[in-house]
Amino acid sequence: MRKLYYILQKEFRQLKRDKMIVVIMLAVPILQLLILPWAADMDVRHVKIAVVDNDQSSYARQLISKITSSGNFELASHTFSYQQATQDIEEDNADIILTIPPHFERNLIRENKQQVSITANAINGIKAGLGTAYLNSIIRDFNMQIRVEWLPEAVLDKNLPIQTTSSALFNPHANYRFYMVPAILVLLLTVVGAFLTSLNIVKEKEIGTIEQINVTPIKKWEFILGKLIPFWIISLFVFSLGLLITRFVYGIPIVGNIGTLYLFTNLYIIGILGFGLLISNFSQTQQQSMFISFFFVMIFILMSGLFTSTASMPAWAKVISNGVPITHYMKAVRALVLKGSSFMDLWQLAVYLVIFALVLNMLAILSYKKTS
Amino acid sequence: MNTIEVKDINKSYEKGKVTALKNVSFNVGKGELFGLIGPDGAGKTTIFRLLTTLLIPDSGEAKVLGYDIVKDYKQIRNLVGYMPGKFSLYADLTIEENLNFFATLFGTTIEENYHLIKDIYEQIAPFKKRRAGKLSGGMKQKLALCCALIHKPEVLFLDEPTTGIDPVSRVELWDMLQKLKTEGITILASTPYMDEAVRCDRVALIQEGEILNIDTPDNITGQFNKKLYAIKAGNMYALLKALKQYPETDNSYAFGEYAHVIVNGDVENLKSFLEKQGISGIEVRNTLPTIEDTFIAESYKP
């Protein structure tokens, strides 16, 4: 135990002297947490719309003003020619085209029906999909408005369509940042916990100091714990700082129990530190370790449900998604921060995290060799 | 009992493709200063890494202080000091912190064994607050030696302790090793410099993973049973070329400002041959073989 104390003393001394690593560990996550949630916003706003108005009637104008006043659309151009509008799309000046046919107003009143056409640029699938959906709902709304104006009340009552009202639970304003901030916090914790740990251990290999350590009577577990404990502490520190930012910068109320949140965080850190150790066992240089880490960060980001819902993944991808620890931890953090779930609601996620911690650390210890 | 016993050790790398050691055997007695002499890539470092339990041999066995290097690696690690050829202390810790760290790892303190490192440490003590990475090559080696000694090891392994340091520091370092010997510490040191071999009690000449010869430096040079001449001329390049052409030359090579040559028959014949080749200012004298001459003779395959 005394030896472990001396090793820890040495590790902290080295960490303190490496100014760059202190900056990377503390400043970078905080900056990312302050910047990323604003960029990683999946709400679609400012869809540029080109309107081909072949009618020029009062109804057509009403429809256009309804669209532009909704807040989701920006009027990019207002022309008479569909060709002109497609050119706007080609030049990326517009994302979506709404074509209003000639005699739009007349047909609507006389024949009681009319069609409009929507054309969307699907290079950005999300923008095209959501833009079309927004536009559809605006047109539906407009339709209702006209019906109210023209149909006798009795008929209107009879044909009253289903009215929908929606409310967003746990995130009343359906603010995308409420969803993203906890997830980004989780990702940052992963980077600090796993990748900086592995870099640190590999550094000893690369500069050869591990050679000198290996001929001393220091035991495996002492050396490993000496490496993991400092990063455990730093990870917890980064996490706490991130929580403060979540609460006071983004104003996200942390509804759940803080103790439970830290319990999950600790379980996750243990697992992820084991993962870092595992990476370090398979790399000889810091460069190799960086590349392995980079590869896994990609998998973690895309498979964990950070941006996209895991529910819509194909079955095989769901298996992979369940196989990365970050998925379960992210679920737990979101549930705890936003929903205020109790431990009993989340015990299954805790079991996952315990299994990951055990398996990753076991693999790490098995693959760590003091002699080759 | 010998302090170090190595018997028929074989070691290869990259799944047998590169042979590092071939049937290496040698013994080192207690309190002996034993030198491994050989060029780069001869397998010296592999021997050190095996004996310090960092590698496992393919076959053969070795014992350090009676402990098997594979089975009893834990005991060995408590009793030996190792100074790797490459500087492997913490560059971001100071001299004092490095020394303290390695002392505490062995459960001892600097004060307890200060007498062992005193002579060396005093030379670097003025810089003890300086980080190890900022030290000169010689100071690094001295610090590394201190760190390897601080737990009073019974056996000291020094892998090329003088490589990369200035000639004065080299002499000092060997003086220190002689002194440590008197403390009863067994020392195994390697060097690519033949002139340092004479400072050892016994040396093993090693090349391409094989031991060519093991003996005291005097005996090794004594075994040199051919006549050796040192020849100098105005044009050294022409001289070396002519020596190679002379049919009775056994072996010839540049040696400092002279060319060393082993020749059959009368040396006067060689002299007249050289003169006929148009080489002027020829100076021929008898010379005593050094370890380097022996090494070249042993490893020379015509």
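Which residues of chain A go into domain 1, and which into domain 2?

**View 1. Chain A, split into its domains.** This is a predicted model, and the domain assignment of chain A answers our opening question. Domain 1 takes in residues 2-41 plus 174-367, while domain 2 covers 47-159. So how far apart do their centres sit? Going by C-alpha atoms, there are 48 Å between the centre of domain 1 of chain A and the centre of domain 2 of chain A.

**View 2. Helices α4 and α5 of chain B, side by side.** Here we zoom in on α4(B), residues 114-124, and α5(B), residues 137-149. Their axes come within 9 Å and cross at roughly 150 degrees. Angles over 145 degrees count as roughly antiparallel, and that's why α4(B) and α5(B) get that label. The crossing is also left-handed.

**View 3. The residues where α4(B) touches α5(B).** On the α4(B) side, look for B:L116, B:I117, B:I120, B:Y121, B:Q123 and B:I124. Facing them from α5(B) are B:M139, B:K142, B:L143, B:L145, B:C146 and B:L149. What kinds of residues are these: nonpolar, polar or charged? Sort them out and you get 10 nonpolar, one polar and one charged.

**View 4. A salt bridge between B:E97 and A:R17.** Now for a link from one chain to another. The side chains of B:E97 and A:R17 meet with 2.8 Å from N to O. B:E97 belongs to helix α3 of chain B (residues 95-105), and A:R17 belongs to helix α1 of chain A (residues 2-17). Count over all chains and the structure holds 22 salt bridges.

Key. Residues numbered from 1 in each chain as written. Chains lettered and ligands numbered in written order. Predicted model: local features only at pLDDT ≥ 70, side-chain atom pairs only at ≥ 80, totals over all residues. Heavy atoms only, no water. Domains from an automatic or database assignment. Axes fitted to C-alpha atoms, helices over the stretch in contact; angles between N-to-C directions. Helix = DSSP H or I, 4+ residues; strand = E, 2+ residues; numbered from the N terminus. Parallel < 35°, antiparallel > 145°, perpendicular 65-115°, else oblique. Left-handed = near helix turned anticlockwise from the far one by under 90°. Contact = heavy atoms within 4.5 Å. Nonpolar A, V, L, I, M, F, W, Y, C, P; charged D, E, K, R; others polar. Salt bridge = Lys/Arg side-chain N within 4 Å of Asp/Glu carboxyl O.
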